[in-house]
Amino acid sequence: MNAATAQKWICMSCGDIYDPAEGDPLAGIASGTAFEDLPDDYVCPICGARKSDYEPYVEEAA
């Protein structure tokens, strides 16, 4: 797994997490698809926010 497919992204509108390891099966996005490789018209599956409304997700240490 490279850095692009390891980086998770969070929707700043609703908090949905895009995990490249899982992809977005309901939108036809295969697992292993880096966020940067998502189509420009990709929208959040929860709230419909645009791809530009996502930011890199940083998991806090426990």
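1. Disulfides are the place to begin in this predicted model, for the count of them comes to 0. Cys 11 takes part in no disulfide, although the sulfur of Cys 47, which is the nearest cysteine sulfur to that of Cys 11, is 3.8 Å away. Cys 11 counts as buried, its relative accessibility being 2%. Cys 14 is likewise in no disulfide, and here the nearest cysteine sulfur belongs to Cys 44, at a distance of 3.6 Å. With a relative accessible area of 36%, Cys 14 is partly exposed. Since a disulfide requires the two sulfur atoms to lie within 2.5 Å, the 3.8 Å between the sulfurs of Cys 11 and Cys 47 does not qualify, and neither does the 3.6 Å between those of Cys 14 and Cys 44.

2. Ala 49 offers a second view of the surroundings of Cys 11. This alanine lies in the loop that runs between strand 2 and strand 3, and it is buried, with a relative accessible area of 9%. In sequence Ala 49 and Cys 11 are 38 residues apart, while in space their C-alpha atoms are 7.4 Å apart. Once the neighbours within four places in sequence are set aside, the residues in contact with Ala 49 are Cys 11, Ser 13, Tyr 42, Val 43 and Cys 44.

3. The aromatic residues deserve a careful look, with a count of 5 aromatic pairs. One of these pairs joins Trp 9 and Phe 35, whose rings are stacked, with 4.2 Å from centre to centre and 15 degrees between the planes. This pair links distant parts of the chain, as Trp 9 belongs to strand 1 (residues 9–11) and Phe 35 to the loop between strand 2 (17–18) and strand 3 (54–56), with the two positions 26 residues apart in sequence. Both partners are buried, Trp 9 with a relative accessible area of 12% and Phe 35 with one of 4%.

4. Phe 35 also pairs with Tyr 54, and in this case the arrangement is tilted, the centres being 5.5 Å apart and the planes at 45 degrees. Here too distant parts of the chain are linked, since Phe 35 is in the loop between strand 2 and strand 3 whereas Tyr 54 is in strand 3, 19 residues apart. Tyr 54 counts as buried because its relative accessibility is 5%, which falls under the 20% limit.

5. Taken together, Trp 9, Tyr 18, Phe 35, Tyr 42 and Tyr 54 make up one aromatic cluster. The ring of Phe 35 has a further neighbour in Lys 51, whose charged end sits over that ring at 5.5 Å from its centre.

6. As for the chain as a whole, its secondary structure consists of 1 helix and 3 strands, and these follow the pattern α-β-β-β when read along the sequence. The radius of gyration is 11 Å, close to the 11 Å that the globule rule gives for 62 residues, so the chain is as compact as a globular protein of that length. The C-alpha trace spans about 30 × 25 × 15 Å along its principal axes.

7. Some totals complete the description. Of the 62 residues, 32% count as buried, and the accessible surface of the chain comes to about 4100 Å², with 51% of it belonging to carbon and sulfur atoms. Among the contacts with a separation of 6 or more, 46% are between residues 24 or more positions apart.

Terms used. Residues are numbered from 1 along each chain as its sequence is written. This is a predicted model: local features need pLDDT of at least 70, side-chain atom pairs count only at pLDDT 80 or more; totals for chains, interfaces and linings use all residues. Side-chain values use heavy atoms; hydrogens and water are left out. Rings of Phe, Tyr and Trp (its six-membered ring) pair if their centres lie within 6.5 Å; planes under 30 degrees apart count as stacked, over 60 as edge-to-face and the rest as tilted. Helices (H or I, at least four residues) and strands (E, at least two) are DSSP runs, numbered from the N terminus. Buried means under 20% relative accessible area, exposed over 50%, partly exposed in between (1.4 Å probe, protein chains only). A charge sits over a ring if NZ of Lys or CZ of Arg is within 6 Å of the ring centre and within 35 degrees of the ring normal. The radius of gyration is taken over C-alpha atoms; the globule rule is 2.2 Å times the number of residues to the power 0.38. Contact means heavy atoms within 4.5 Å. Accessible areas come from the Shrake-Rupley method with a 1.4 Å probe; for residues, only the protein chains shown count as cover.
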